[in-house]
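Dear colleague,

I am handing over the structure we spoke about, and below it you will find an account of what came out of going through it. Please read the text with the coordinates open beside you.

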Amino acid sequence: MEYQISSAITKGWFHKLQEHLKNDVIIVGGGPSGLLCASELAQANLKTCLIESKLAPGGGMWGGAMLFNTIVIQSEALFILEKYGISYLECGDGLYTVDAVEATSSLIYHASHAGVAIFNGVCMEDVVVKENYVSGVVINWNPVQRLGMHVDPLSLTSQVVLDATGHPSEVVGVLTRKNPVELLYPEMGNRSERSMNAEAGERACVQFTGRIYPGLYICGMAACGVSGSNRMGPIFGGMLLSGMKAARLITAELAGGK
Ligand code: 48H
């Protein structure tokens with residue numbers, strides 16, 4: 001039986017990898033904004049894969065605030081909780097509390113169930129750039145990177161890459177560090193997130209979600225970092241709305257052709 005178990009796993013996993021060497025969209029980062037965007041894209045029948053460096057997707061949502069695993073969502077994002085079957089409790093002032101574990105596991109389940117190929121334990125270490133267009137990502141195992149092993153990576157290609165890596169905005173970081181690029185929004189790219197202001201941060205995260213370079217979009221906390229906007233603390237409505245907006249923009253671009 002050991003042979004059959006190992007054979008089933010390797011066949012299944014390599015089939016998934018082979019199927020996703022070419023994608024419509026590659027999402028880097030499995031936090032709330034990336035997961036929500038991934039679900040929406042898969043529901044729009046776009047071939048989507050998500051690269052997450054940690055073992056468990058979910059990003060900063062599991063831990064709530066200071067490990068108190070409750071998060072806050074504002075009324076504007078309630079329709080997303082309803083759509084994804086996540087329970088909430090009203091706590092006044094247009095705010096709602098949500099169990100962080102229920103919310104995070106629901107986002108992961110829905111992305112996976114909708115057909116997103118999730119590659120966990122895998123890091124984006126570089127991007128593929130052709131004719132001033134981001135055409136994919138370069139990946140390697142997280143443990144290979146952590147151990148500093150000299151092992152060459154693989155590349156996955158796509159029509160669109162989404163930087164959903166949260167605070168470090170790693171995709172934009174590697175693109176701007178290695179290439180003489182001009183971002184589509186010249187005011188962006190200073191990459192220094194500002195201090196806490198919940199209202200401003202929540203607004204900015206949705207406002208700056210969008211296409212930042214041909215073939216590259218940003219969402220979530222990465223949109224705040226790259227635009228030099230405020231952080232917002234443990235309120236997650238902006239992250240979900242940002243993921244939703246990214247999916248809408250990407251779907252519209254791909255429907256119109258590259
Ligand atoms: C593969 C990578 C890589 C890489 C990173 O941080 P996240 O949860 O991202 P968002 O933007 O969806 O949500 C932000 C939110 O969690 C948060 O931090 C808030 C609201 N902070 C407010 C505040 O004031 O502090 O998830 C990003 C994910 C993580 O799971 C990373 O492991 C992953 O991206 N990631 N995956 N390759 N190079 N870099």
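Lys83 is partly exposed, with a relative accessible area of 42%. Please keep in mind, here and throughout, that this is a predicted model.

Salt bridges

The structure holds 3 salt bridges, and Lys83 belongs to one of them, its side chain meeting that of Glu40 with an N to O distance of 2.8 Å. Because Lys83 lies in helix 3 (residues 78–83) and Glu40 in helix 2 (residues 32–43), the pair ties together parts that are 43 residues apart in sequence. Glu40, in contrast to the partly exposed Lys83, counts as buried, since its relative accessibility is 14%.

Another salt bridge is formed by Asp126 and Lys178, whose closest N and O atoms are 2.8 Å apart. Asp126 is in strand 7 and Lys178 in helix 6 (residues 170–178), so this pair ties together parts that are 52 residues apart in sequence. Asp126 counts as buried at 15% relative accessibility, whereas Lys178 counts as exposed at 51%; the cut-off for exposed is over 50%.

There is also a salt bridge between the side chains of Arg211 and Glu253, at 3.2 Å from N to O. With Arg211 in strand 11 (residues 210–213) and Glu253 in helix 9, parts that are 42 residues apart in sequence are therefore tied together by this pair. Arg211 is partly exposed, with a relative accessible area of 30%, while Glu253 counts as buried at 14% relative accessibility. As general background, side chains of opposite charge can pair when their charged atoms come close.

Strands 7, 8 and 9

Asp126 also leads into the strand pairing, for it stands opposite Val138 in strand 8. Strand 7 (residues 122–130) and strand 8 pair in the antiparallel sense over 8 bridges, and in the hairpin that they form, with 2 residues between the strands, Glu131 takes a positive phi near 45°. Why can strand 8 (residues 133–141) be called largely enclosed by the rest of the structure? The reason is that 8 of its 9 residues are buried, which for a residue requires a relative accessible area under 20%.

Strand 8 pairs in turn with strand 9 (residues 154–163), again in the antiparallel sense, over 4 bridges, and within this pairing Val137 stands opposite Leu156 in strand 9.

Val129 is likewise found in strand 7, and it is partly exposed, with a relative accessible area of 30%. Leaving aside neighbours within four places in sequence, Val129 is in contact with Leu175 and Asn179. The C-alpha atoms of Val129 and Gly215 are separated by 9.1 Å, although the two residues are 86 residues apart along the chain.

Strand 1 and its partners

Strand 1 (residues 22–28) is largely enclosed by the rest of the structure, because 6 of its 7 residues are buried. Strand 1 pairs with strand 9 in the parallel sense over 6 bridges, and it also runs parallel to strand 2 (residues 48–52), to which 4 bridges join it. Ile26 takes part on both sides, standing opposite Val161 in strand 9 and opposite Cys49 in strand 2.

The nonpolar core

Which residues touch the most other members of the largest nonpolar core? Of its 75 residues, they are Ile27, Leu162, Leu216 and Ile250, and helix 9 (residues 237–255) gives the most to this core, with 7 residues. Leu162 is a useful place from which to inspect the packing: apart from neighbours within four places in sequence, it is in contact with Ile26, Ile27 and Val28, with Cys37, with Tyr217, Ile218 and Cys219, and with Ala246 and Ile250. In soluble globular proteins, nonpolar side chains tend to be buried together.

A nonpolar patch on the surface

Set against that core, there is a nonpolar surface patch of about 360 Å², made by Met1, Ile5 and Ile9. Ile9 has its place in helix 1 (residues 2–19), and with a relative accessible area of 56% it is exposed, the cut-off for that being over 50%.

With kind regards

Note on methods: Residues numbered from 1 in each chain as written. Predicted model: local features only at pLDDT ≥ 70, side-chain atom pairs only at ≥ 80, totals over all residues. Heavy atoms only, no water. Core = buried A, V, L, I, M, F, W, Y, C linked by side-chain atoms within 4.5 Å. Buried < 20%, exposed > 50% of the residue type's maximum accessible area, 1.4 Å probe, protein only. Contact = heavy atoms within 4.5 Å. Patch = residues over 30% accessible without salt bridge, like charges linked within 9 Å, V, L, I, M, F, W, Y side chains within 5 Å. Areas by Shrake-Rupley, 256 points an atom, 1.4 Å probe, with all protein chains shown as cover. Salt bridge = Lys/Arg side-chain N within 4 Å of Asp/Glu carboxyl O. Pairing = 2+ DSSP bridges.
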